[in-house]
Amino acid sequence: MMNASVYAQRRVRLASQLGRDGIAIIPTAPQQPRNRDSDFLYRHDSYFYYLSGFTEPNAWLVITGDGRSTLFCAPKDLEREIWDGIRLGPEAAPAALGVDAALTVNELDTQLPRLLENKSTVWFPFAIHAGLEARVAGWLHSVRARVRFGALCPEQQHDLCSILDEMRLIKDAHEQDIMRRAARISASGHLRAMRLSARMLREGREVREYHLDAELMHEFRLQGSQAQAYGSIVAAGDNACVLHYRADTAPVRDGQLVLIDASCELDGYASDITRTFPANGRFSGPQRALYDLVLASQDAAVAATRAGARFTDPHEATVKVLAQGMLDLGLLDAGKVGSLDDVIANRSYFQFYMHRTGHWLGMDVHDCGSYVEPSEVGATSARRDPLSGETIVNRPSRILRPGMVLTIEPGIYVRAAPGVPEAFHGIGIRIEDDAIVTDTGCELISRDVPVRADEIEAVMRA
């Protein structure tokens with residue numbers, strides 16, 4: 001966990017944007033039951049953790065415009081702590097977390113109306129926590145019951161995410177350091193999985209997707225990460241053409257490619273890495289041709305990722321390279337789809353590349369933050385999508401700034417279809433790296449696992 005002063009500084013920044021008589025209410029995530037007497041592994045709410053550094057469930061944070069912060073947390077309880085673990089408790093919380101005050105969560109419904117009284121604006125995350133709007137309404141109802149005694153009730157409600165998303169979009173030095181470490185751990189997991197696949201096949205042993213998945217999870221925990229950042233994708237052969245495939249029991253066969261999209265979460269921050277490799281450590285000719293195409297498209301996207309560029313620039317660079325490669329390799333018939341410009345304009349490439357080239361990365365693997373440039377949100381244009389026929393309203397894409405972190409993840413997915421060269425059937429490839437935007441370009445923090453085909457083969461021979 002970071003130094004408490006980091007969270008205190010964030011609370012001060014937030015308070016300065018609430019208005020003098022504003023108040024913000026931020027709950028953490030609830031525990032989620034898995035089945036009888038068993039919960040899913042607990043994971044805090046990202047907004048709450050960003051402002052508190054506190055990982056226990058059943059907690060709330062209240063921040064007022066004057067900068068004062070109050071934590072509501074579970075009380076000390078010897079019997080429950082025997083079963084569930086030691087609680088920090090409200091008595092120790094101010095010193096440990098740097099909040100101004102801490103109360104037991106059992107007092108929440110009593111204290112919130114008092115804290116809301118005489119405030120002008122209440123801020124809370126909209127449409128994230130089920131039932132939160134109704135709970136706030138109940139507290140405001142209690143405040144209104146006191147208006148005859150001179151109490152003022154907040155007249156405005158605002159979405160707190162609008163402020164916090166902008167704060168979280170630029171990662172500070174502490175966050176960047178954690179994300180570098182998370183990426184290093186994840187890269188180690190990918191290397192282990194690559195080597196295990198080749199070694200087991202060389203030894204004549206049966207390899208299943210879950211064998212590689214186990215290797216990933218082992219390395220993530222071995223190096224101190226708390227959890228997977230998301231459910232791992234370990235897809236052998238045709239399964240790689242299913243974008244959100246999950247590691248299962250399918251065999252990993254000699255001559256197939258394996259696509260692994262898997263990463264760890266460390267101290268509340270995600271990494272997100274995808275690598276595609278030959279199960280036996282040697283690319284075939286068609287596999288190598290498509291792999292080098294995807295890698296070339298990623299190189300183009302990386303070159304387009306820099307401060308001052310638009311978020312969409314890497315995607316457009318990727319599409320241009322991929323579309324030309326599809327024409328060159330015969331995946332697309334120029335006689336039917338036309339020139340490169342036609343392929344891009346008509347989205348003919350969508351048959352083989354149907355997702356965007358990246359997303360924000362941070363505390364959430366698909367992190368918060370608008371993809372529209374705030375200063376240009378009112379500038380709109382309309383276009384007709386050539387595939388769906390829908391009218392789409394475009395707004396200017398976000399201008400990249402130093403400290404933003406995004407993924408760069410082009411891919412190609414070739415399902416068997418009429419007119420598609422049989423040599424490419426069932427090949428799915430994605431290459432994904434994590435990039436911190438800098439003044440002069442971007443820092444790829446996930447390259448401890450190689451991406452060049454020759455380097456992957458060399459790793460798998462070891």
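What share of the 462 residues in the chain is buried? Buried residues make up 52% of them. Keep that figure in mind as you look around; what you have open is a predicted model.

**Stop one: the whole chain**

Start with everything selected and a cartoon view. You will be looking at 14 helices and 21 strands in the chain. The radius of gyration is 25 Å, close to the 23 Å that the globule rule gives for 462 residues, so the chain is as compact as a globular protein of that length. Turn the C-alpha trace along its principal axes and you will find that it spans about 80 × 55 × 40 Å.

Now think about which parts of the sequence touch. Taking the contacts with a separation of 6 or more, 71% are between residues 24 or more positions apart.

**Stop two: surface and charge**

Switch to a surface view. The accessible surface of the chain comes to about 20600 Å², and carbon and sulfur atoms account for 50% of that area. Next, colour the charged side chains: there are 50 positive and 61 negative ones. How far apart do the centres of the two sets lie? They lie 1 Å apart.

**Stop three: two asparagines in loops**

Go back to the cartoon and select Asn58. You will find Asn58 in the loop between α2 (46–52) and β4 (60–64). Check the backbone here, with a general rule in mind: most residues other than glycine have a negative phi. Phi of Asn58, by contrast, is positive, near 60°. Is Asn58 buried, partly exposed or exposed? Its relative accessibility is 43%, so Asn58 counts as partly exposed.

Select Asn118 next. This residue sits in the loop between α5 (108–116) and β7 (121–124). Phi of Asn118 is also a positive value, near 70°. With a relative accessible area of 40%, Asn118 is partly exposed.

**Stop four: a hairpin**

Finally, select residues 381–384 and 391–394, which are strands β15 and β16. In which sense do β15 and β16 pair? They are antiparallel, joined over four bridges. To see one pairing up close, show Arg384 and look across to β16, where Thr391 is its bridge partner.

Then follow the backbone through the turn of this hairpin, which has six residues between the strands. One of the residues to pick out in the hairpin is Gly389, whose phi is positive, near 80°. While the strands are in view, try showing their side chains, with this general pattern as a guide: in a regular strand the side chains alternate between the two faces of the sheet.

Terms used
Residues are numbered from 1 along each chain as its sequence is written. Side-chain values use heavy atoms; hydrogens and water are left out. The radius of gyration is taken over C-alpha atoms; the globule rule is 2.2 Å times the number of residues to the power 0.38. Buried means under 20% relative accessible area, exposed over 50%, partly exposed in between (1.4 Å probe, protein chains only). Contact means heavy atoms within 4.5 Å. Accessible areas come from the Shrake-Rupley method with a 1.4 Å probe; for residues, only the protein chains shown count as cover. Lys and Arg count as positive and Asp and Glu as negative; His and the chain ends are not counted. The place of a charge is taken as NZ of Lys, CZ of Arg, CG of Asp or CD of Glu. Two strands pair if DSSP finds at least two bridges between them.
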